[in-house]
Amino acid sequence: LMANPSSDPQAAAALEAGLVVKGIEDADRLAQQGAAEGDVTKIDAAIRSRPSDWSYQEQKAALLLAQGNSAAAQSANEKSESLVRDRIQAGGDCRTLARNMFTHRLNALQTQAGRAPSAELTEQINQTRAVLGQLSAGQPVAFCP
C-alpha cells in the first residue's frame, strides 16, 4: 500500500487520516514539551506544523509572558484571537469558541505560573478568569459583544 496507495482507495484514505492524526499528536507533544520546559522554539515548531491552531499561540503567549516578554506575549494572544475570529467568520459560535480559547489561555497561564510565578502571570490569570466568568454568566465580553 505504501508503494501504491491508489490500489486501495479506502486503505489510502485510512493511511492519510492516520498521518494527519500523527501530525496533530506530534505538534501537540512539541507544544506541551515547550511549555513544560520553557522552550519557545518547540512551541514555534508546533506552530509551523499547524499554523491555524490557535491553542499553540496561547501556550506561546503564556511562556513569553513568564519569560518577561510582554510585547511578544500580547502579539501571540492577538494571533490566537485572530485565528479564532477566522473560525467565527466561517460560521462558528462566538461564545463557544471564546470560552474554549479563554479556557486554553487560563490553562497555559497556570502552567507557566507553576513553573515561574510572577505578578504579571497572576494578573493575566485573574483577568482571564473574569472573562470566563462573564461568558459563563451570559454577559457580553469584548471578544463577543
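Helices here are DSSP runs of at least four residues, numbered from the N terminus. Keep in mind that this is a predicted model.

**Exercise 1. Get to know helix H3.**

Task: Find the helix that holds Ala-62, then work out how many of that helix's residues are buried.

Solution:
- Step 1: Look up the helix. Ala-62 sits in H3, which runs over residues 54-66.
- Step 2: Check the length. H3 has 13 residues and spans 19 Å from first C-alpha to last, close to the expected 18 Å.
- Step 3: Test Ala-62. Buried means under 20% relative accessible area. Ala-62 has 2% relative accessibility, so it counts as buried.
- Step 4: Do this for the whole helix. You get 10 buried residues out of 13, so H3 is mostly covered. Among them are Trp-54, Tyr-56, Glu-58 and Leu-63.
- Step 5: Look just past the helix. H3 is followed by Gly-68, which has a positive phi near 85 degrees.
- Step 6: Try a distance. From C-alpha to C-alpha, Ala-62 and Ala-73 are 6.6 Å apart in space, with their positions 11 residues apart in sequence.

**Exercise 2. Track down the disulfide.**

Task: Say which cysteines form the disulfide and which parts of the chain they tie together.

Solution:
- Step 1: Recall the chemistry. A disulfide is a covalent bond between the sulfur atoms of two cysteines.
- Step 2: Count. This structure has one disulfide.
- Step 3: Name the partners. They are Cys-94 and Cys-144, and their sulfur atoms are 1.9 Å apart. The cut-off is 2.5 Å, so the pair qualifies.
- Step 4: Place them. Cys-94 belongs to helix H5 (residues 94-115), while Cys-144 is in the segment after helix H6 (119-136), so the bond links parts 50 residues apart in sequence.
- Step 5: Find the handedness. The S-S torsion is about -95 degrees, so this disulfide is left-handed.
- Step 6: Check the surroundings of Cys-144. Its relative accessibility is 3%, so Cys-144 is buried. Cys-94 is among the buried residues of H5.

**Exercise 3. Spot the aromatic pair.**

Task: Identify the aromatic pair and decide whether it is stacked or edge-to-face.

Solution:
- Step 1: Count the pairs. There is one aromatic pair.
- Step 2: Name the rings. Phe-102 and Phe-143 have centres 6.1 Å apart, and their planes are at 90 degrees.
- Step 3: Classify. Planes over 60 degrees apart count as edge-to-face, so that is the label for 90 degrees.
- Step 4: Place the rings. Phe-102 is in H5 and Phe-143 is in the segment after H6, so the pair connects parts 41 residues apart in sequence.
- Step 5: Check the burial. Phe-102 and Phe-143 are both buried.

**Exercise 4. How do H4 and H5 run?**

Task: Decide whether H4 is roughly parallel or roughly antiparallel to H5.

Solution:
- Step 1: Size up H5. It has 22 residues and reaches 31 Å from end C-alpha to end C-alpha, close to the expected 32 Å.
- Step 2: Read the angle. The axes of H4 (residues 70-89) and H5 come within 10 Å and cross at roughly 155 degrees.
- Step 3: Compare with the cut-off. Angles over 145 degrees count as roughly antiparallel, so H4 is roughly antiparallel to H5.
- Step 4: Add the handedness. The crossing of H4 and H5 is right-handed.

**Exercise 5. Zoom out.**

Task: How many helices and strands does the chain have, and what percentage of its residues are buried?

Solution:
- Step 1: Count the elements. The chain has six helices and zero strands.
- Step 2: Write the pattern. Along the sequence it reads α-α-α-α-α-α.
- Step 3: Take the whole chain. Of its 145 residues, 32% are buried.

Note on methods: Residues are numbered from 1 along each chain as its sequence is written. This is a predicted model: local features need pLDDT of at least 70, side-chain atom pairs count only at pLDDT 80 or more; totals for chains, interfaces and linings use all residues. Side-chain values use heavy atoms; hydrogens and water are left out. Helices (H or I, at least four residues) and strands (E, at least two) are DSSP runs, numbered from the N terminus. Buried means under 20% relative accessible area, exposed over 50%, partly exposed in between (1.4 Å probe, protein chains only). The expected span of a helix is 1.5 Å times one less than its number of residues. Rings of Phe, Tyr and Trp (its six-membered ring) pair if their centres lie within 6.5 Å; planes under 30 degrees apart count as stacked, over 60 as edge-to-face and the rest as tilted. Axes are lines fitted to C-alpha atoms, for helices over the stretch in contact, and angles run from 0 to 180 degrees between N-to-C directions. Angles under 35 degrees count as roughly parallel, over 145 as roughly antiparallel, 65 to 115 as roughly perpendicular and the rest as oblique. A crossing is left-handed if the near helix is turned anticlockwise from the far one by less than a right angle, and right-handed if clockwise.
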